[in-house]
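Student: I should like to understand how the terms used for a protein structure are justified. May we work through one example together?

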Amino acid sequence: MEIDFWAVGQGDCSCISLSPSECILIDVGPFGSPIVRWLSEQLARYSNYHINSLILTHNHADHCGALDSIVGLRERGLTIGKTCLLQHDVTTGKHIKSFMLAIFENEQFFHLQCPIAPDVIWADTNRELCVVSPNYQTVTTASTANERSMILVLRKINGENEFIWSGDAPYKNICTHFNGNAHVLVGPHHGAPQDKPKQIPQNCYKKLFVSLSKTNFHEQFPNKDYIKRNVQSGVDIACTCFTKNCDHSESLIEPSELGHFSPETPKKNGEKVKTYFCRGGMRYCLQNTGCWSIDECDVFYQSARDELTKRLCRP
């Protein structure tokens, strides 16, 4: 199993690869998201490719804008097992009208579900992907899509939390459900939770992943105080771009520019040649021991980040 956290600009997209030809997608990013190119590559590599579960945390364009492009790939052999989104988003999401039309016109390709906490979306003998929020009360009382944003966790069957996807949920909603030392929290509202918490709980998560846009920066993303509070609590920060508070506004993680070495990588004068391909900006790999590890691109990213003379996330 591998988990890719994609650099999609301002937005979110994560891919849990269950096998070489099957994955779970949690959000798909905005229009033009690189996940579409990646899926196209998989379809060229295999005779078909299967999305076990396509999950949308909420109906904002920076989380579901690439839906139409993904649905279009079904003509090349892409199949979708089930599509999960909140009941409220099914009836009110202006960004997913064409996608919903595709579902209703092609019911044999899609199985629409509207999960609610504590539903389990996927599970094997060791792990499960669960909805922890919203519950029925939150869905009915929340006034905005962000407030009722779906929060998911990948955890071991024994209850140990490993990865948390928060959509754009308020930070207080997240902290209500977690007290374990998860590996990664995908930053709520792109590192700027609207409730701007004054205190980060200890040992809730080890790393905060924040996807940012290299263009049209403004001071809201990420929230400086929120990042600093995370750092002070011992959380490692992984942003996809330098921010205005760092050395310069360039991309730190670019999916199309990440080098990757593999056994089949060609050699030149006995040395492996760096090859490029489309992949997520940060990747965790499940080892045979049952432990998670980052790959060499993340090691390179960390060393590049640590060389900055000025960065917002410096301890």
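Student: How many bridges join β1 to strand β18, and in which sense do they run?

Tutor: Please note at the outset that this is a predicted model. Strand β18 comprises residues 282-286, and 4 bridges join β1 to this strand, the two running antiparallel. One bridge can be named: aspartate 4 has arginine 283 of β18 as its partner.

Student: What makes β1 and β18 a pair?

Tutor: Two strands pair if at least two bridges are found between them. Here there are 4 bridges, so β1 and β18 meet the definition of a pair.

Student: How do you know that β1 and β2 pair as well?

Tutor: The same test applies. Between β1 (residues 2-5) and β2 there are 4 bridges in the antiparallel sense, and at least two are required. Among the partners, phenylalanine 5 is bridged to serine 14 in β2.

Student: What is the strand order of the sheet, and why are β6 and β19 said to stand at the edges?

Tutor: The order is β6-β5-β4-β3-β2-β1-β18-β19, an open sheet of 8 strands with mixed pairing. β6 (112-113) and β19 (292-294) each have a single partner strand, so one side of each lacks a neighbour in the sheet. Helix α1 (residues 34-45) packs on the sheet, where it touches β2, β3, β4 (49-55) and β5 (78-84). The direction of α1 makes about 150° with that of β4.

Student: Why is arginine 305 called buried?

Tutor: Buried means under 20% relative accessible area. Arginine 305 has 6%, so the term buried applies. This residue lies in helix α9 (residues 296-306).

Student: Which residues is arginine 305 in contact with, leaving aside its neighbours within four places in sequence?

Tutor: Arginine 305 is in contact with Asp236, Ile237, Arg311 and Cys313.

Student: What makes a space within the protein a cavity?

Tutor: A 1.4 Å probe fits there but cannot get out. By this rule there are 3 cavities of 30 Å³ or more. The second largest cavity holds about 40 Å³ of space.

Student: Which strands each supply at least two residues of the lining of that second largest cavity?

Tutor: They are β2 (13-19) and β3 (22-28). The lining includes Cys13, Ser14, Ile26 and Asp27, and also Trp165 and Val186. By class, the lining has 4 nonpolar, 4 polar and 2 charged residues.

How values were computed. Residues numbered from 1 in each chain as written. Predicted model: local features only at pLDDT ≥ 70, side-chain atom pairs only at ≥ 80, totals over all residues. Heavy atoms only, no water. 1 Å grid on protein atoms, 1.4 Å probe; cavity = no way out; pocket = protein on both sides within 12 Å on 5 of 7 lines; lining within 4 Å. Points joined across faces, edges and corners; volume = space filled by probe spheres on them. Nonpolar A, V, L, I, M, F, W, Y, C, P; charged D, E, K, R; others polar. Contact = heavy atoms within 4.5 Å. Axes fitted to C-alpha atoms, helices over the stretch in contact; angles between N-to-C directions. Buried < 20%, exposed > 50% of the residue type's maximum accessible area, 1.4 Å probe, protein only.
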